[in-house]
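Here's a quick briefing on the fold, the core and the charged pairs. Have a look at the model before reading on.

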Amino acid sequence: GTGQVRDEKRLSEDQAKNLLRDRGYRDVSDVNRDGDTIRAKAKQGEREVNLRIDARTGTVTQQSGNSG
């Protein structure tokens, strides 16, 4: 190999919750990690939103909640 140090740090569920709180989401619930993806529900203002967090980069993606 090239001897590069791979940083295998990934967010835990608790870290994901804190991340979402830092970004202004409230009532974070249903946090589930699936490999490099963490799914969660949270409230943003009065709306409940479904979120996806990249456990490697910390990028938060808001899902459009049209399912179910």
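Which strands does α1 lie across, and at about what angle does α1 run to β1? α1 lies across β1, β2, β3 and β4, and runs at about 140 degrees to β1. (Axes are lines fitted to C-alpha atoms, for helices over the stretch in contact, and angles run from 0 to 180 degrees between N-to-C directions.)

Bear in mind that this is a predicted model: local features need pLDDT of at least 70, side-chain atom pairs count only at pLDDT 80 or more, and totals for chains, interfaces and linings use all residues. Residues are numbered from 1 along each chain as its sequence is written, and side-chain values use heavy atoms, with hydrogens and water left out.

**Overall layout**
- The protein has one helix and four strands, which come in the order α-β-β-β-β from the N terminus. Helices (H or I, at least four residues) and strands (E, at least two) are DSSP runs, numbered from the N terminus.
- Of its 68 residues, 22% count as buried, where buried means under 20% relative accessible area, exposed over 50%, and partly exposed in between (1.4 Å probe, protein chains only).
- Take the contacts (heavy atoms within 4.5 Å) with a separation of 6 or more: residues 24 or more positions apart account for 26% of them.

**The sheet**
- The four strands make an open antiparallel sheet in the order β1-β2-β3-β4; strands pair if DSSP finds at least two bridges between them.
- β1 and β4 are the edge strands, each pairing on one side only.
- On average, neighbouring strands are turned by 25 degrees against each other, direction ignored.
- β2 and β3 run antiparallel and are joined by eight bridges. Their hairpin has two residues between the strands, and G45 takes a positive phi near 65 degrees there.
- β3 pairs with β4 (residues 60-63) over four bridges, also in the antiparallel sense. This hairpin has five residues between its strands, with G58 in the turn at a positive phi of about 80 degrees.

**The core and L51**
- The largest nonpolar core has 14 residues, and L20, Y25, I38, L51 and I53 touch the most other members. Such a core is a set of buried Ala, Val, Leu, Ile, Met, Phe, Trp, Tyr and Cys residues joined through side-chain atoms within 4.5 Å.
- Two or more core residues come from each of α1 (13-22), β1 (26-34), β2 (37-44) and β3 (47-54).
- L51 is worth following through the sheet: its bridge partner is A40, and L51 also stands opposite Q62 in β4.
- Leaving out residues up to four places away in sequence, L51 touches residues including L20, Y25, I38, A42 and V60.
- Two of the core residues just named, I38 and I53, are bridge partners.

**Charged pairs**
- There are six salt bridges in the whole structure, each a side-chain nitrogen of Lys or Arg within 4 Å of a carboxyl oxygen of Asp or Glu.
- R56 and D36 form one, with their closest N and O atoms 2.8 Å apart. This pair links distant parts of the chain: R56 sits in the loop between β3 and β4, and D36, 20 residues apart from it, in the loop between β1 and β2.
- R56 is partly exposed at 41% relative accessibility, and D36 is partly exposed at 27%.
- R10 joins D36 and R56 in a network of salt bridges.
- R39 meets D34 at 3.7 Å, N to O, and R39 is partly exposed, with a relative accessible area of 40%.
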